[in-house]
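Please walk through this protein with attention to its side-chain pairings and to how far its residues are covered.

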Amino acid sequence: MLPQLLAYLFEIIKTQYQIIIYLMGVLLGKSLTDVDDEEPVRKPYQKLQVDELPVIETLPRLDYRQLLAEYEQKHGRPLKPIQRRANAKTTVPDRLTCPQCQAPSAYLYANNGGKGQYQCKVCNGRFNHRSRFAKQVIMRCPHCLKTLEKIKERKDYYIYKCKNDDCSFYQTNLRRMNKSERKRFKQKPHAFKVRYLYREFLFDFRPLAPSSPKKPKVDLSRLSVSSHILGLILTYHVNYGMSSRKTAGVMKDVHGVSISHQTIINYANSVALIVKPFIDHFPYELSGSFCGDETYIRVKGRWHYLFFMLDAVKKIVLSYRVSPNRDTLSAIR
């Protein structure tokens, strides 16, 4: 009788426990039983790959005026513009010009019955709105020499992709996959980089040189305090991360030096501008492994983004930039 009673009470306790778990889940908005789901998901980052530059093919540019002069010299008569019929079903826009020789619309045919293809009477070139001559250059895959196709247009760059299935770059990446990666590739092909990609940035890199820092508000050569006092201020404010007001309080209570918190900020900024060139150009002995990341900080009450790159082995900050914008240009700078 006692074992049956204990089993009955145990079932009641289990039922009550399930009810409590359910109610807690309803109140808190999450389940208390799925403890493993709250663990951070550990996914390996894709290693940074620096691909080869594409093969740039420059297109020959012709001048229709020179071609007309050569035609007249060769045939003894000028090349006449196209005589269009009054009742023609297809027309050529007046502003349209040949992308290869820049001939005006008077020398252009509607070549395929109004379906978008035109032919130039001067250079005999055919073209449409996607003509190869409408581009400044043609970019080809460095592995298979096939023309790259523009697949995405972003604010600051275009993305080109090699879609050749016989490309050696594509085939090599497929062969390197193991069985589990192949299975995942069939389900989520966007999670793998197997084809050659190239980004064409739309801004100029020349003005991206580091700008000279602003002149400090305080000339350290004319300080009224000693170098020892300056070292104490920087130790409290920088090394121990104390605020400027707390640093001023410590200097007053412990060392008997009256100084305002704004003066402490001015001292720190002046020293930072002097030390910065030594830090930026110091000959560090770096490893061959680097990484980059971003975070956000508040600057004068507003959120800014901090982009930085460091040596992954020696933990040395190599480059950093604070920007109010989180965009491609700020990250590259």
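**Side chains that join parts of the chain**

Tyr-196 is buried, with a relative accessible area of 0%. This value, like every other given here, belongs to a predicted model, and the confidence of the predictor is therefore worth stating at the outset, since pLDDT expresses that confidence for each residue on a scale from 0 to 100. The chain averages a pLDDT of 82, and 84% of the residues score at least 70. Among the elements of the chain, the lowest mean pLDDT, 71, belongs to helix H1 (residues 2–28), while the highest, 93, belongs to H3.

The aromatic residues offer a starting point, and a search of the whole structure finds six aromatic pairs. In one of them, Phe-169 and Tyr-196 meet edge-to-face, with 6.3 Å from centre to centre and 90° between the planes. This pair links distant parts of the chain, for Phe-169 lies in helix H3 (residues 168–175) and Tyr-196 in the loop between helix H4 (179–187) and strand E8 (197–201), 27 residues apart. Phe-169 is buried as well, at a relative accessible area of 14%, which means that Phe-169 falls under the 20% limit used for burial. Elsewhere, Tyr-157, Phe-201 and Phe-203 form one aromatic cluster.

Two further rings are met by charged side chains. The charged end of Arg-195 sits over the ring of Tyr-170, at 3.9 Å from the centre of that ring, and the charged end of Lys-150 sits over the ring of Tyr-158, at 4.1 Å from its centre.

How many salt bridges does the structure hold? It holds seven, and three of them can be followed in detail here, beginning with Arg-140 and Glu-57, whose closest N and O atoms are 2.6 Å apart. Arg-140 lies in strand E5 (residues 137–140) and Glu-57 in strand E1 (residues 55–58), so this salt bridge ties together parts that are 83 residues apart in sequence. Both partners are partly exposed, with relative accessible areas of 22% for Arg-140 and 24% for Glu-57.

A second salt bridge joins Glu-149 and Lys-163, whose side chains meet at 3.5 Å, N to O. Because Glu-149 lies in strand E6 (residues 149–153) and Lys-163 in the loop between strand E7 (157–161) and H3, the pair ties together parts that are 14 residues apart in sequence. Glu-149 counts as partly exposed at 39% relative accessibility, and Lys-163 likewise counts as partly exposed, at 45%.

Asp-63 and Arg-65 form another salt bridge, in which the closest N and O atoms are 3.7 Å apart. Is each of these two residues partly exposed or exposed? Asp-63 is partly exposed, with a relative accessible area of 30%, whereas Arg-65 is exposed, with a relative accessible area of 54%, a value that is over the 50% limit and therefore counts as exposed.

The path ends with helix H5 (residues 227–239), where Ile-229, Leu-230, Leu-232, Ile-233, Leu-234 and Tyr-236 are buried. What covers these buried residues of H5? The cover includes helix H6 (244–253) and helix H7 (261–280). H5 is followed by Gly-241, whose phi is positive, near 65°.

Terms used. Residues are numbered from 1 along each chain as its sequence is written. This is a predicted model: local features need pLDDT of at least 70, side-chain atom pairs count only at pLDDT 80 or more; totals for chains, interfaces and linings use all residues. Side-chain values use heavy atoms; hydrogens and water are left out. Rings of Phe, Tyr and Trp (its six-membered ring) pair if their centres lie within 6.5 Å; planes under 30 degrees apart count as stacked, over 60 as edge-to-face and the rest as tilted. Helices (H or I, at least four residues) and strands (E, at least two) are DSSP runs, numbered from the N terminus. Buried means under 20% relative accessible area, exposed over 50%, partly exposed in between (1.4 Å probe, protein chains only). A charge sits over a ring if NZ of Lys or CZ of Arg is within 6 Å of the ring centre and within 35 degrees of the ring normal. Contact means heavy atoms within 4.5 Å. A salt bridge is a side-chain nitrogen of Lys or Arg within 4 Å of a carboxyl oxygen of Asp or Glu.
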